[in-house]
Each structure stands twice: as structure tokens, then as C-alpha cells.
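Colleague: I would like a close look at a single part of this model, taken slowly and with its surroundings included. Please keep the answer connected, so that each detail leads on to the next.

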Amino acid sequence: MSDYLVAAFYHFVSLPDYKELQAGIQKCAVDNNVMGTILLADEGINGTVAGQAEGVHALLTYIRSDERIAELEHKESFASENPFYRMKVRLKKEIVTLGVEGVSPTKQVGNYIDPENWNDFISDPDVIVIDTRNDYEVEIGTFKGAIDPKTTSFREFPEWFEKQKEKIKNPKIAMFCTGGIRCEKSTALMKAKGFNEVYHLQGGILKYLEEVPK
């Protein structure tokens, strides 16, 4: 097995005191020789870190000791070398930048669709499927029939949606992204714009590839 455990995670939750969490998380990471980047905002936490398995798990246990973040899920992979050179815990306005004031999954969010049910769900002709990833990610592959917004950054998505929303006649909208975080934010935007039947692939494409046969 490779020497370094890489853990990626995010969790949308109201953290009005997020600035006060920075020092404790930074200290725990450094004490356990964990490196990477963690973003803290009023809307939650998002990060990717790496280190020896024992140290990474110690950091995750510390983060989850805050009862508001106790349900944090993470994805694991392994590397022969630590992909990070330092540890940073940064304070941000958003844990994934959409750039629209007041839109957050902590206020409202779409309905989750499990990976095992995703194919059947998007096969419904009454469902519009939107890929929320950037253009270079879409080029790698996407779901059949999915709309490609052709964005180069996530901040461009709200402008694209404003131009398209009058054309959306179908009542159901299904969205997906790489790991789940962008589509949570995207569905929050659509709910704020008055669309009620909004759905997204739980865990994103990564979870889908883990659970759905080729």
C-alpha cells in the first residue's frame, strides 16, 4: 500500500463562528503532520489533505468533534508521495465559489438521487440534465443528453443559467458534477430562482463510478 492517505471532503452547514475554528484545525493538522488545504466559510467546510493514515484520521476525528460537522463524509485515495507541501486553513466567503449573494445549500438545496437510481431517473424524457462542470472536464466524458454550459469556471454558471432559464419548460431538472459539491450549490441557485423539482447526483460522478457497474 502507498505511504500517504489523501482525504477529500466537504460539508455544507451553517458555521457563523467559522473564523474561530481556523486555529484549532490548523494546530491539529500540524501536530499530526498533515498537509493540504481546508476552506472554512459561513456555509461550511471543504478540503483535501494528505499524510500518514493515523494523522489524517486524527484530523478528521477532530473536525467531526464539532457536532455541526459530525456527519462529514470523506473520500480516500493513496499516493506514494505527499502531494502537498504545506498546511493551510483558509477563511473564505464560500467553500465553492458561485458568486451569488445569499445562495447556499444551508438554506435550501435540491433532492439527492442515489447513483444506483441515477440512470433510470435521467432516462425520463421529462427530465432536463445539466452538467455543472467546466468545459475541459466535460470533454473527458458526460452523461448522454446532458446540457453542457461550456463554462470555464463555476462563477460563469449563474450568468449562463440566467440566459437559459426562460427556455427551460420541463418541470424536472437533474444536475451533476465531479464530487457533489458544485451540484449542491447549483441546485441551491435554482431553488432560489423558483424551480421546485431540482435533483442532483449524490456524491457526484466519483461516487457513481464507485457504485454503478461499467
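Is helix H6 largely enclosed by the rest of the structure or largely open, and how many of the residues of H6 are buried?

Modeller: Since this is a predicted model, what follows describes computed geometry. Helix H6 covers residues 181–192, which makes 12 residues, and its span from the first C-alpha to the last is 17 Å, close to the 16 Å expected at 1.5 Å a residue. Of these 12 residues, 10 are buried, so H6 is largely enclosed by the rest of the structure; buried here means under 20% relative accessible area. The buried residues are Ile181, Arg182, Cys183, Glu184, Lys185, Ser186, Thr187, Ala188, Leu189 and Met190. Just after the helix, Gly194 adopts a positive phi of about 100°.

One of the neighbours of H6 is helix H5, residues 157–164. The axes of H5 and H6 are 12 Å apart and the two helices pack at an angle of about 40°, and they are therefore oblique to each other, with a crossing that is right-handed. On the H5 side the contact is made by Phe157, Pro158 and Phe161, and on the H6 side by Ser186, Leu189 and Met190. By character, the residues of this contact divide into five nonpolar, one polar and no charged. Ser186, Leu189 and Met190, which H6 brings to the contact, are also listed among its buried residues.

The surroundings of H5 can be followed a little further through Thr151, which lies in the loop between helix H4 (135–138) and H5. Thr151 has 1% relative accessibility and therefore counts as buried. Leaving aside residues up to four places away in sequence, Thr151 touches Arg133, Asn134, Asp135, Glu156 and Phe157; Phe157 also takes part in the contact of H5 with H6.

For another helix pair to set beside this one, consider helix H1 (residues 18–31) and helix H2 (residues 53–64), whose axes come within 9 Å and cross at roughly 160°. H1 and H2 are therefore roughly antiparallel to each other, and their crossing is right-handed. Here Gly24, Ile25, Cys28 and Ala29 of H1 meet Ala58, Leu59, Tyr62 and Ile63 of H2, a set of residues that divides into seven nonpolar, one polar and no charged.

Note on methods:
Residues are numbered from 1 along each chain as its sequence is written. This is a predicted model: local features need pLDDT of at least 70, side-chain atom pairs count only at pLDDT 80 or more; totals for chains, interfaces and linings use all residues. Side-chain values use heavy atoms; hydrogens and water are left out. Helices (H or I, at least four residues) and strands (E, at least two) are DSSP runs, numbered from the N terminus. The expected span of a helix is 1.5 Å times one less than its number of residues. Buried means under 20% relative accessible area, exposed over 50%, partly exposed in between (1.4 Å probe, protein chains only). Axes are lines fitted to C-alpha atoms, for helices over the stretch in contact, and angles run from 0 to 180 degrees between N-to-C directions. Angles under 35 degrees count as roughly parallel, over 145 as roughly antiparallel, 65 to 115 as roughly perpendicular and the rest as oblique. A crossing is left-handed if the near helix is turned anticlockwise from the far one by less than a right angle, and right-handed if clockwise. Contact means heavy atoms within 4.5 Å. Ala, Val, Leu, Ile, Met, Phe, Trp, Tyr, Cys and Pro count as nonpolar, Asp, Glu, Lys and Arg as charged, and the others, Gly among them, as polar.
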